[in-house]
Amino acid sequence: MDTSVALSEGRRRRRIHSAEFKAHIVAACCQPGVSSASVAMANGINANLVRRWVKEAEVGAEIEPGAAASEAKRVAPTTPAPKFFPLPIPTPASPVAADIRIELQRGATSVTVTWPASAASECAAWMRELLR
């Protein structure tokens, strides 16, 4: 393992990994059928750190030693950004107004009322009066 740990007064400090070590870990993660978590465990490092290194390698980012991640120099990806192509959405045809059909049955008596859907509010008023 190519890492160094700075010890000061018995406290454990942040480990510093060399660029070669990071490249080795990223290359191991890029093998087919290999998980980044298994590579991390085998090398005694956190899986989130390994995933970050792989992501940075994919983007082509270079982080200077001692610089915060937010201050990292980013290299533009070589693939162009996908373009947006608006597609026309067909407007739905106006729905065909069906008639309102009400069937009432009480014993042997059956009543069927057909009302035009364009006059639905009048049908509702008629039903209210009928059911009073």
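Trainee: Is W126 buried, partly exposed or exposed?
Mentor: Please note that the model is predicted. The relative accessibility of W126 is 33%. Buried requires under 20% and exposed requires over 50%. The value for W126 lies in between, so W126 counts as partly exposed.

Trainee: Which helix holds W126?
Mentor: The helix in question covers residues 120-130. W126 has its place within that range, in helix α4.

Trainee: How much accessible area does the nonpolar surface patch that includes W126 have?
Mentor: W126 belongs to a nonpolar patch on the surface, where its partners are L104, V111, L130 and L131. Taken together, these residues have an accessible area of about 460 Å².

Trainee: What is the order of helices and strands along the sequence?
Mentor: The protein has four helices and four strands. Reading along the sequence, one meets them in the pattern β-β-α-α-α-β-β-α.

Trainee: Which helix gives the most residues to the largest nonpolar core?
Mentor: This core has ten residues: F21, I25, V26, C29, V39, A40, I45, V50, W53 and V54. Three helices each supply at least two of its residues, namely α1 (19-29), α2 (36-43) and α3 (47-59). With four residues, the helix that gives the most is α1.

Trainee: Why can the buried residues of α2 be said to line one face of the helix?
Mentor: The buried residues of α2 are V39, A40 and N43. Seen down the axis of α2, they line one face because they fall within an arc of 100°.

Trainee: Against which helices do the buried residues of α2 pack?
Mentor: On the other side of α2, M41 and A42 are exposed. The buried residues of α2, in contrast, pack against α1 and α3.

Trainee: What phi does G44 take?
Mentor: G44 comes just after α2. The phi of G44 is positive, at about 70°.

Trainee: How many salt bridges does a search of the whole structure find?
Mentor: Side chains of opposite charge can pair when their charged atoms come close. One such pair is E129 and R132, with the closest N and O atoms 3.5 Å apart. A search of the whole structure gives a total of three.

Trainee: How far apart in sequence are R52 and E56?
Mentor: The side chains of R52 and E56 meet in a salt bridge, at 3.5 Å from N to O. Both residues lie in helix α3, about one turn of the helix apart, and the separation is four residues.

Trainee: Is E56 buried or exposed?
Mentor: Its partner R52 has 41% relative accessibility and counts as partly exposed. For E56 the relative accessibility is 13%. Since the limit is under 20%, E56 counts as buried.

Trainee: What is the N to O distance in the salt bridge between E103 and R101?
Mentor: Both partners are on the exposed side of the cut-off, which is over 50%: E103 has 54% relative accessibility, and R101 has a relative accessible area of 56%. Their side chains meet with an N to O distance of 2.8 Å.

Trainee: What relative accessibility does R132 have?
Mentor: R132 forms a salt bridge with E129. E129 is exposed, with a relative accessible area of 52%. R132 counts as exposed too, and its relative accessibility is 78%.

Trainee: What percentage of the residues in the protein is buried?
Mentor: The protein exposes about 11100 Å², of which carbon and sulfur atoms supply 57%. Of the 132 residues in the protein, the buried ones make up 16%.

Note on methods:
Residues numbered from 1 in each chain as written. Predicted model: local features only at pLDDT ≥ 70, side-chain atom pairs only at ≥ 80, totals over all residues. Heavy atoms only, no water. Core = buried A, V, L, I, M, F, W, Y, C linked by side-chain atoms within 4.5 Å. Buried < 20%, exposed > 50% of the residue type's maximum accessible area, 1.4 Å probe, protein only. Patch = residues over 30% accessible without salt bridge, like charges linked within 9 Å, V, L, I, M, F, W, Y side chains within 5 Å. Areas by Shrake-Rupley, 256 points an atom, 1.4 Å probe, with all protein chains shown as cover. Salt bridge = Lys/Arg side-chain N within 4 Å of Asp/Glu carboxyl O. Arc of directions from axis to C-beta. Contact = heavy atoms within 4.5 Å.
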